[in-house]
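Some words used for protein structures rest on fixed cut-offs. The questions below ask how such words apply here.

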Amino acid sequence: MGQEIPQYMQELNPEQRQAVLHSLKPLLILAGAGSGKTRVITTKIAHLIKEEGVSPRSILAVTFTNKAAKEMAQRACDIEPLAAGCMLRTFHSFGSWFLRRNGGLAGIDSSFIIYDDEDMVTLLGAIAPEIKKTDLKLIAHNIARAKDCFLPPDSPGIDKINHTKMFKNIYKKYEEALARCGNVDFGDLIKKPVEILRANPNVAERLRDRFRVIMVDEYQDANIAQFELLKEISGDNTYICVVGDDDQSIYRFRGAEVRNILEFPKIFGDADIIRLVRNYRSTSQILQVASSVIKHNSGRLGKELVAERGEGYKPQLTFLPDQDQEARSCADLINRSINRSINSINNGINKPEAKYSDWAILYRTNAQSLAFENEFLRRKIPYRIVGSLKFYEREEIKDAIALLSFLVNPKDEVSFRRVINKPARGIGAATVQRILDARYMEEDWNIESACKKMLPSLSAKAAAGMKDFLCAIQESREIIEEPDTSIIKGSITKKNTSEYSKKDSSLKAVEGLSSCIAHLIQKAGIDEYHRAHDDINGEQRVANLQELLNGSVLYPLTNAGLIEFLEHIELDRAIEMNEDATDRVTLITVHNTKGAEFKRVIMTGLEQGLFPRNEKNDEDLEEERRLFYVGVTRAMDELYLTCCRERRVFGQRMNQTPSLFLREADKTQIRITGNVPFGFLSARSTDAGSWAHGNAIVTAALKKNTSSDGRWQQGDTVFHDDNGYGEVIKIIESDDGPVIKVKFQTGREVQFLSMVQSSSFMKIKN
DNA sequence: TAATCGATCTTTTTT
DNA sequence: AGATCGATTA
């Protein structure tokens, strides 16, 4: 309206501005890595509210992770505080929100809890005890996949997932069992809302009436069911805008459908496309590596990132003997950067400070983190591990959650099975089965009522245990349902959130509140069970329970509070442990890095069969390649790649070969160090003999602990594991420190750079 | 019914 | 190498 362009718009480049101002038609924003897509989305939200008069209430923004949702909310509010009124959720939390309100239309009680993969397997085991657990896992996976694709058991398309009659049968039985429990699984959070919306046009109408603007982040990760949900909630008057990058689609394995993005313009007819290709994150040499690899993929929408930053440092590829040396090499690299920083500060040089938190170690599989943890512990390098904590998958945590779930929903068979005999109450499989059979006599299949009814017919031992269990449940329920205390406690707890969530809210603080969620767990004896049960890990387990229960203090001790707490646990599993300001290196899987950025990135384990992982087909390989692309484009200033010659796999030494992606990468943009494997650089040469070392600068360390000040001089005698004795013939100063040219007794001349410490290179005489 | 010791399998990636 | 599972034993 006004003549003046607001500050937040001035900060945008022309394409970004165009995307923010766009209206009327559906919009697909193809946003390359580091192109400022979050800025575009948040600015667009703010702009809609500020300038277009859109009510925050009618804006829905969907992301895939809670972290992204929180960040987006924060940044939108920074520009326009009213953005706090928008609905900003993950797909699953949106589905859950919808189901709690409208689930009744599909026979789902609003107090449902959400089963995770493990719970699915437990339930399947109850349906088909004759099937082995590994097979049950596969079936659970297939059911989840079917739901991702919006395929019920009797749909014709189900054959694509698994065509056997047995599968369809068990899928059907699983759905029935789930309904009996009154719960849902992850897939249902998307699938059920679609079904309800289709069967109830009035509900759909109301929803479409409310949400006039829908935005979807990371659209390339949407699966078919999520796509269907989008179609259901967007009506003729809905403005829909999706943001994604086909090159960053890395969740095909869990049902993400790249075609959603490839065919968006076709399906949401007449959509506009805006490409954001200016990359503000990485230096051009890093982007060069990324794009030289990703261009081997077919079926891309086509988009080449343009580096807006300068050249920077050359990415470095290091070949190492094994994973232990790999870890050591990374630790050296990190320590060197820290020491260099300290030195330059001491010398009064105003160099940017190097911090541990500038560094991230990326790996393909969680198992690889072990070697780094060991080495970093030994070297006292502070680190944090992102994801993989599997906190909520731990036995003691699941036990506590199961108890709370059963309190909320006494139909919950999975939770019942888990808690009935923990602590030991002398109730075995036979008794459990009798109870579960008896529940069908109860109204609503209430398992707790069945327990009470069966009490007289149980053996003395089982009956005593059952009484104990029922008492604990009953007492807990009395605490929860005492109306006046719960309401007061609820409001107090909510208001004092910050006070209780402080780090020092130790167990004592929790114990002080006699009627809080933690108290329920103690009452049931779950913490005591774990303390006594496991000599070695018992205390750790109790500590984990405390960690969980500390979080629960934020929720009021009401039924609703419990449900909220459980939902939070199920949908936001990224627990904030060690989220203090401590300066730490990040250890992280490549999948987990999406959306993140680091100044210095080390991508490790770039070996065939590990990264890329054994691929079954071309599509798998392309997804691995995208994953590589995602990893590389996390780096802002420095990129390091490592590849081991040998690796322990299942405790067995395995010979490794360099990753296909290393062969595809533009070698002119990479400094290659370490012992280069035969043939790596001569892939194009017909002469297999003329390879490697001649072209490569081999890196080794300057040993500081030798006699003099550690400086290299011409004439120094050296020893090298691979090359034997030699003499320093030339020293060349470079940006990265001195490059040392050595002539070995074999006659070969090799250059060394003092970048990576390695015990294979020693200076023996000055 | 619980605890202990081998045998067997594991390494994708996650809302 | 380490975890998990299951059969065997007390």
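Q: What makes helix H19 stand out at the surface near DNA strand B?
A: Helix H19 (residues 429-438) supplies three residues to that surface, the most of any element. Helices are DSSP runs of H or I with at least four residues, strands are runs of E with at least two, and both are numbered from the N terminus. The model is predicted, so local features need pLDDT of at least 70 and side-chain atom pairs pLDDT 80 or more, while totals for chains, interfaces and linings use all residues. Residues are numbered from 1 along each chain as written, and chains are lettered from A and ligands numbered from 1 in the order written.

Q: What makes a residue count as near DNA strand B, and how many surround this strand?
A: The C-beta atom, placed from the backbone, must lie within 6 Å of the strand. For DNA strand B, 28 residues surround it, and Phe253, Ala424, Gly428, His591 and Phe650 are the closest.

Q: Which residues surround DNA strand C, and how do they divide by class?
A: Lys132, Lys133, Phe650 and Gly651 surround DNA strand C. Ala, Val, Leu, Ile, Met, Phe, Trp, Tyr, Cys and Pro count as nonpolar, Asp, Glu, Lys and Arg as charged, and the others, Gly among them, as polar. The surface near DNA strand C therefore has one nonpolar, one polar and two charged residues.

Q: How do you know which residues of H9 meet H11?
A: Two residues are in contact if their C-beta atoms, placed from the backbone, lie within 7 Å. In H9, Ile190, Lys191, Pro193, Val194, Leu197 and Arg198 meet Ala225, Gln226, Glu228, Leu229 and Glu232 in H11. The residues of this contact divide into six nonpolar, one polar and four charged.

Q: Why is the crossing of H9 and H11 called left-handed?
A: It is called so because the near helix is turned anticlockwise from the far one by less than a right angle; clockwise would be right-handed. The axes of helix H9 (residues 188-199) and helix H11 (residues 224-233) come within 9 Å and cross at roughly 35°. Axes are lines fitted to C-alpha atoms, for helices over the stretch in contact, and angles run from 0 to 180 degrees between N-to-C directions.

Q: What makes S13 and S19 edge strands?
A: Two strands pair if DSSP finds at least two bridges between them. The open sheet has the order S13-S14-S12-S15-S16-S11-S19, with parallel pairing. Strand S13 (383-385) and strand S19 (671-674) each pair on one side only.

Q: How do you know that S15 and S16 pair?
A: Strand S15 (residues 598-603) and strand S16 (residues 635-644) share five bridges in the parallel sense, and the definition asks for at least two.
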